[in-house]
Amino acid sequence: MQIIFEKRESVSRQAVILVPIVSFLVSLLFGAILLALSGANPFITYGAMFSGAFGTWNRFTETLVKAIPLMLTGLGVSIAFRMRFWNIGAEGQLTLGGVAAAGVALYLSQGLPGWLVLLLCILAGCIAGAIWAGVPAILKAYLKVDETLTTLMLNYVAILFSEQLYYVSWRAPGYNSGTAPFPETAWLPRIAGRAHIGLFFAIILAGILWFVFNRTRWGFELKIIGENQTAARYLGIDIERNIVLAILLSGAISGLAGASEVLGIARRLQQGLSVGYGYTAIIVAWMAQLNPIVILFVGILMAALLVGGDQIQMKMRLPAAVGLVLQGMILIPMLAGSIFTEYHIRIIRPQKTGVEAEA
Amino acid sequence: MAEEPTPILKMENITKRFPGVLANDHANIEIYPGEVLALLGENGAGKSTLMNVLVGLYRPDEGDIFVRGEHVEIHSPSDAAALGIGMVHQNFMLVPTMTVAENIILGMDGLAFRPDLDKVARRIQEIAEHYNMNVDPYAYIWQLSVGEQQRVEILKLIYRGAEILILDEPTAVLTPQESHELANVLKVMTSEGKSAVFITHKMEEVMEFSHWVRVLRRGRVVDVKKTSETNPQELARLMVGREVLFRLEKEASEPGDVVLELQNVYADNEKGLPALQDVSFTIRQGEILGIAGVAGNGQRQLAEVITGLRKVTGGHIYIQGDEETNHSPLRMIKAGVSHIPADRIGMGAVGDMAVSDNLAMKGYREPPMADGGILHPQLILEFARKMIAAFRIATPSPATHIKFLSGGNIQKAILAREIDACKGLLVAVYPSRGLDVGATESVRKRLLEQRAQGRAVLLISEDLDELITIADRIAVLFEGRVMGIVDSHNADIDALGLMMAGVPKQEAIAETSG
C-alpha cells in the first residue's frame with residue numbers, strides 16, 4: 001500500500017472550509033496532550049480558555065478589543081503578501097499610525113470642529129503607516145533592497161521613537177510616562193465595553209479588499225504581479241508603481257489599526273501600543289490564506305487565544321509559558337493543514353491484474 | 001516473438017494518473033544493449049511521464065520495471081543512477097555560476113571534502129575526446145550555449161557511469177549541426193553497448209537517430225516499429241491517428257502600408273555585450289517576415305526591443321508610422337503590437353491562474369471586460385468560452401489553472417489572446433517549438449490567417465521549413481546582424497544555411513548557385 005499526495009487541479013471549496021476545522025481539532029488534541037503532561041486537566045483548561053474569551057458579554061468585548069487590531073493589521077499585511085512583498089513591518093506601521101493620530105489629537109486639534117478632529121487623527125494614522133511602509137516599498141521596487149530587513153528594522157525605529165515621545169517629549173506633567181489624555185473630540189466611539197468602531201472599519205475594509213482583489217482591474221494586475229512578474233512586465237503592467245501603491249495601502253491599514261488603538265482604547269499615547277499585533281498579523285493573514293473575509297474570523301480566533309491564554313494563567317495557576325506554548329501548538333497544525341487544500345491524499349493498494357496483457 | 005537476449009530495460013504495464021489525466025495507460029517498452037529507442041508522440045502523449053517514472057521522479061500507479069532482467073523499484077533519480085539510468089531533461093539541471101567540472105560532480109556520492117577538480121577535469125576531457133565532444137571543463141555554465149550545456153548534461157551522465165541514457169526532446173534546442181553531432185555521440189555510445197531512449201515528436205529524428213520506435217498516443221503505446229522498416233508518413237499517421245497535411249496553402253497577398261520599421265537598431269544583451277547591430281528592415285500589412293538564425297544570435301533581443309521589453313542603444317523603431325523607440329511594453333501594446341513569447345510558461349502565461357484569466361490578460365483593460373476599473377467576470381468567462389471554442393483549446397473548464405494544460409494547449413491560449421488583441425503587428429517567437437504536428441499545423445494556419453487579414457507578422461523560428469512555408473521574406477540573423485533578406489519563394493536552404501553561419505547574402509547565393 002502506498003500513500004501519496006496529489007496536487008489538486010483547483011482548490012477545493014470543501015477543503016477550504018473543512019481543513020481549518022479539522023486542523024483546529026487536531027491542534028486541540030495536541031494541546032490537550034501537552035496540558036495533560038504538565039499536570040493540568042485539558043478539559044477544564046480549555047473550558048477556562050473558552051469562558052475567558054467568550055464566557056460573558058464583557059469578556060467577549062475584550063476579545064473583540066484585541067481582535068480589531070489583529071484584523072486590521074492582518075488585512076494590511078495580506079495585501080503585501082499577495083504581491084510576494086514580505087512586509088513584516090506592520091508593528092512599526094501600527095505604532096507610527098498611533099503616534100501620528102496622537103500628535104494630531106494633542107497638538108493640532110485646537111479650534112477645529114469636533115467631527116474634523118477625529119477624521120484628521122485617523123487620516124494622520126493612515127498616512128503615517130503608509131509612509132512607514134512606503135519607504136521599504138520604494139527601496140524594493142526601484143533599488144531591489146530586500147524588504148524583509150527594511151520593514152523589520154523600521155519597526156524598531158518606530159517603536160523607540162514612540163517611546164521617546166511618551167517618556168520624554170510628549171510626556172504629560174505629573175506622569176512617569178504617557179501623554180495627556182486626548183480631547184474628547186478625538187475619541188473613537190465605542191460599541192460595547194471597550195470595543196470600538198474600529199471593528200466596523202475592519203469589516204468594511206475586508207469587504208472592499210475582497211472586491212478589489214476579485215472584481216477590479218487593479219486587483220487583477222496585483223494578482224498577476226504576485227504570481228509571475230515576468231508575465232506582468234510582458235503584459236505591460238507597471239510593476240514598480242503597483243507594488244508601491246499596494247504597499248502604501250498595506251501600511252495605511254496597519255496605521256489605521258494603530259490610530260484606532262490609541263483613539264479607541266487608551267485615548268492617550270502610552271506604553272502598551274506595541275504589543276505584537278503586527279507580528280501576530282502575519283500568522284492571521286497566512287492562516288486565512290490571505291482571504292480578507294476569513295481574516296476577520298481568524299482575527300477573532302487569535303484574539304480569543306490571547307485572552308484565553310491570559311485567563312488560564314490567572315485562573316489555573318499554570319505558568320505563563322504554558323499559555324504561550326499552547327498558542328504555538330494550536331498554530332502549527334492549522335498552518336500545516338493548509339497543504340490539504342492544495343493537495344489531496346490518495347491511497348493505492350497493489351492491484352493484482354493480469355500482467356501478461358501484451359508483449 | 002523472436003528469441004533475443006535479455007532486454008537491458010523493460011517497463012511493463014506502466015500506468016500513471018494525474019488529476020483528471022491518465023498520462024500512461026499500461027505502457028510497455030523494452031530496450032536492448034546497443035540500441036536507441038525512439039519514443040514518438042504528440043505533446044501530452046505521455047512520453048516524458050513514462051521516462052520520469054523510469055528515473056524515479058514519479059511513482060507509477062501500476063506496473064513493473066525490470067533492469068537487466070531484475071525487478072526493481074525506483075524511488076528517486078539516485079536509485080535510477082545506481083542502476084545506470086540517467087536522463088537529460090528538457091530544462092537543464094545545471095548551476096550557471098559553477099564550472100562544467102563542478103556541475104558534473106555536484107551531488108555525487110562519496111566525494112572528498114575538497115574534490116580534486118583537476119583530476120575530474122582530466123577525466124571529463126578524456127570522455128569528451130572519446131565521444132568527439134568539445135567541452136572546456138573549466139568554463140562556467142553561463143558562458144556556454146544551449147547546445148554546449150546539453151553536452152555537459154550528457155557528459156555528466158556518462159561520467160557517472162550511465163548505461164541507459166534518456167534524452168527528452170534533445171534536439172529542440174540544437175542547431176542542425178549540433179543535432180548531427182549528437183547523433184554521432186549516440187553512435188559511439190551504442191557501439192559500446194550503451195543504450196538510449198530518445199523522446200521526440202519529430203519523424204525525421206526518429207529516422208536519423210533510432211533503431212526502434214514506439215509510438216505513444218494518449219498514454220498508450222499504439223505501435224512498435226523497426227526504424228528501418230517504417231517511414232515518416234506512417235509514423236505521423238500512427239502518432240496523430242489521422243493523416244496530416246504537411247503543406248499549407250499560402251495564398252498570394254498584396255502587402256500594404258509599412259507596419260513595422262527598424263532603422264539601424266543596436267541593443268545589448270544582459271551582459272552588456274552587443275546583441276543587435278545595425279538591424280534594419282520593414283514589414284508591411286499582409287506580410288510575414290521570417291527571422292532565421294541559429295539560436296542565440298540576437299533573435300530574443302530583437303523580439304524584446306520591438307515589444308518594449310528591452311531598450312535599444314541606438315537606432316529607431318517605427319510602428320504604423322509613429323516613432324516608438326524605447327517605449328514601455330504597455331505603449332507598444334497600445335501601438336498595436338501583440339507578442340507570442342518564446343517562453344510560454346515563464347512569460348506568456350500565469351500558471352496558477354485560470355485559463356479564462358489568462359485569456360483575459362490583454363483585454364481586461366477595456367470594455368467589455370472592464371468598465372472604469374471594475375471587471376465583469378461574466379463577460380470575461382464568455383470571452384474565454386468563445387476563445388476556447390474558436391482555438392480548440394482542450395481544457396477541463398475555463399476555471400482550470402492553465403499550468404494543468406499541455407504545452408500545445410497553453411500555446412493555443414496565448415495565441416488566442418494575442419491574436420484577438422492584435423492591432424497591427426504580431427511578433428511570434430518560436431511559436432511552434434515543442435508542439436506536436438496537429439498543434440504546429442494550427443499555429444501556422446493562424447499566422448497565415450493573420451497575414452490574410454492584413455496584419456504584419458514577424459516570425460522568429462529555428463525551423464527553416466517553417467519559415468519557407470509561412471514567411472514571405474526571410475531575414476537571417478548572425479551575431480546580431482542581418483546577413484541579408486531573401487524572398488522565401490526562391491529561397492535556397494543551403495544559401496540560408498551559409499548565411500546563418502555568417503556568410504553575407506551575395507556570397508552565399510553565389511556559392512550555392514555556382
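**Exercise 1. Contacts of A:Ala101**

Task: In this predicted model, identify which residues A:Ala101 touches, not counting residues up to four places away in sequence, and place A:Ala101 within its nonpolar core.

Solution.
Step 1. With contact taken as C-beta atoms within 7 Å, the partners of A:Ala101 include A:Cys121, A:Ile122, A:Ala124 and A:Gly125. The list also holds A:Gly258, A:Ala259, A:Val262 and A:Leu263.

Step 2. A:Ala101 is a member of the largest nonpolar core, which has 193 residues. Together with A:Cys121, B:Leu458, B:Leu459 and B:Val476, A:Ala101 touches the most other members.

Step 3. Helix H10 (residues 239–266) of chain A provides the largest share of this core, 14 residues. Domain 2 and domain 3 of chain B each contribute at least three residues.

Step 4. Another core, of 69 residues, lies apart from this one; among its members are B:Ile8, B:Ile74, B:Val152 and B:Met203.

**Exercise 2. Domains of chain B**

Task: State the domain assignment of chain B and describe the contact between domain 2 and domain 3 of chain B.

Solution.
Step 1. Chain B is assigned domain 1 (9–97 + 162–240), domain 2 (258–336 + 422–513) and domain 3 (348–421).

Step 2. A distance of 27 Å separates the C-alpha centres of domain 2 and domain 3 of chain B.

Step 3. Nine residues from domain 2 of chain B and eight residues from domain 3 of chain B take part in the contact.

Step 4. On the domain 2 side, helix H15 (residues 437–452) of chain B supplies the largest share, four residues. By class, that side has five nonpolar, two polar and two charged residues.

**Exercise 3. The six-stranded sheet of chain B**

Task: Determine the strand order of the open sheet of six strands in chain B, then locate the helices H14 and H17 of chain B that pack on it.

Solution.
Step 1. The order is S16-S19-S20-S13-S21-S22 (chain B), and the pairing is mixed.

Step 2. Strand S16 (337–340) and strand S22 (481–487) of chain B each pair on one side only, so they are the edge strands. From one strand to the next, the twist averages 20 degrees.

Step 3. Strand S21 (residues 473–478) of chain B runs antiparallel to S22(B), joined by six bridges. B:Arg473 has B:Asp487 in S22(B) as its bridge partner.

Step 4. Helix H14 (residues 407–421) of chain B touches S16 and strand S19 (425–429) of chain B, and its direction makes about 170 degrees with that of S16(B).

Step 5. Helix H17 (residues 493–500) of chain B touches strand S13 (287–292), S21 and S22 of chain B, and its direction makes about 30 degrees with that of S21(B).

Note on methods:
Residues numbered from 1 in each chain as written. Chains lettered and ligands numbered in written order. Predicted model: local features only at pLDDT ≥ 70, side-chain atom pairs only at ≥ 80, totals over all residues. Domains from an automatic or database assignment. Contact = placed C-beta atoms within 7 Å. Helix = DSSP H or I, 4+ residues; strand = E, 2+ residues; numbered from the N terminus. Nonpolar A, V, L, I, M, F, W, Y, C, P; charged D, E, K, R; others polar. Pairing = 2+ DSSP bridges. Axes fitted to C-alpha atoms, helices over the stretch in contact; angles between N-to-C directions. Core = buried A, V, L, I, M, F, W, Y, C linked by C-beta atoms within 7 Å. Buried ≥ 20, exposed ≤ 12 C-beta atoms within 10 Å, placed from the backbone.
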